[in-house]
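Biologist: I am new to this structure. Please take a close look at one part, the aromatic rings and the core around them, and then place that part in the whole.

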Amino acid sequence: MPPVVLALRRLPNPRLTGLGSGLFAAAVMLVLGGLDRLLFDGSPVVYGLLFLPVSALTALWVRPADLVTAPIAVPIAFAVGLVPIAGGASGFGSRIMAVVTALAVHAGWLYGGTLVAGLIATVRKVRLMTRRRAIQAAAQRAAARRPSPDPVD
């Protein structure tokens, strides 16, 4: 096996619920937004680049039953993480307007991360459906090979 595959297999493989994946993404983006503000003065490029792997991890770590939630949770997490870097005055309304403006200005990163999560969730769902279909087909073939019981006269 290639060393890259072996390294990826050593990574943790948590299975988060839909709510858990949303909370994970929102908490991580809030922390990353705060760090971005402290270290890079709220750079939107740094924040956007950090959002992409968080989107991928969210889609990879959500459990199969909740795959549809990953592309829904990551845009919410993006908005949550914008709060520290959006700026605005000290008032609540000013903060909200700064977040809305930042969402509009940095929509490319938002769409990119959502696309990453959507693609990963779609590929995982297709693989899951293919695997289930193969198992069902194998079970049907095995049932067809078994001899039928003799009818009772």
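Modeller: Tyr 47 is buried, and Phe 78 is buried too. Buried means under 20% relative accessible area, exposed over 50%, and partly exposed in between, with a 1.4 Å probe and protein chains only. This is a predicted model, where local features need pLDDT of at least 70, side-chain atom pairs count only at pLDDT 80 or more, and totals for chains, interfaces and linings use all residues. Residues are numbered from 1 along each chain as its sequence is written, and side-chain values use heavy atoms, with hydrogens and water left out.

Now the rings. A pair of aromatic rings is described by the distance of the centres and the angle of the planes. Rings of Phe, Tyr and Trp (its six-membered ring) pair if their centres lie within 6.5 Å; planes under 30 degrees apart count as stacked, over 60 as edge-to-face and the rest as tilted. The whole structure holds 3 aromatic pairs. One of them joins Phe 24 and Trp 61. Their centres are 5.4 Å apart and their planes stand at 50 degrees, a tilted pair. Phe 24 sits in helix H2 (residues 18-40) and Trp 61 in helix H3 (residues 44-61). The two are 37 residues apart, so this pair links distant parts of the chain. Helices (H or I, at least four residues) and strands (E, at least two) are DSSP runs, numbered from the N terminus. Phe 24 has 21% relative accessibility, so it counts as partly exposed. Trp 61 has 17%, so it counts as buried.

Back to Tyr 47 and Phe 78. Their ring centres lie 5.2 Å apart with the planes at 55 degrees, so this pair is tilted. Tyr 47 belongs to helix H3 and Phe 78 to helix H4, so the pair ties together parts 31 residues apart in sequence. Ring pairs also bring in Phe 51, making a cluster of Tyr 47, Phe 51 and Phe 78.

These three rings are also part of the largest nonpolar core. A nonpolar core is a set of buried Ala, Val, Leu, Ile, Met, Phe, Trp, Tyr and Cys residues joined through side-chain atoms within 4.5 Å. This core has 20 residues. Those that touch the most other members are Met 29, Tyr 47, Phe 51, Val 54, Ala 77, Phe 78 and Leu 82. H2, H3, H4 and helix H6 (107-145) each supply at least two residues. H4 gives the largest share, 6 residues. Take Ala 77: beyond its neighbours within four places in sequence, it is in contact (heavy atoms within 4.5 Å) with Ala 25, Ala 26, Met 29 and Tyr 47.

Helix H4 (70-85) also helps to cover the buried residues of H5. Those residues are Ala 98, Val 99 and Ala 102. Down the axis of H5 they fall within an arc of 100 degrees (directions from the helix axis to the C-beta atoms), so they line one face. The face turned away from that buried side carries the exposed residues Met 97 and Ala 104.

Last, the whole. The protein has 6 helices and 0 strands. Buried residues make up 29% of its 153 residues. The C-alpha trace spans about 90 × 40 × 20 Å along its principal axes. Of the contacts with a separation of 6 or more, 73% join residues 24 or more positions apart.
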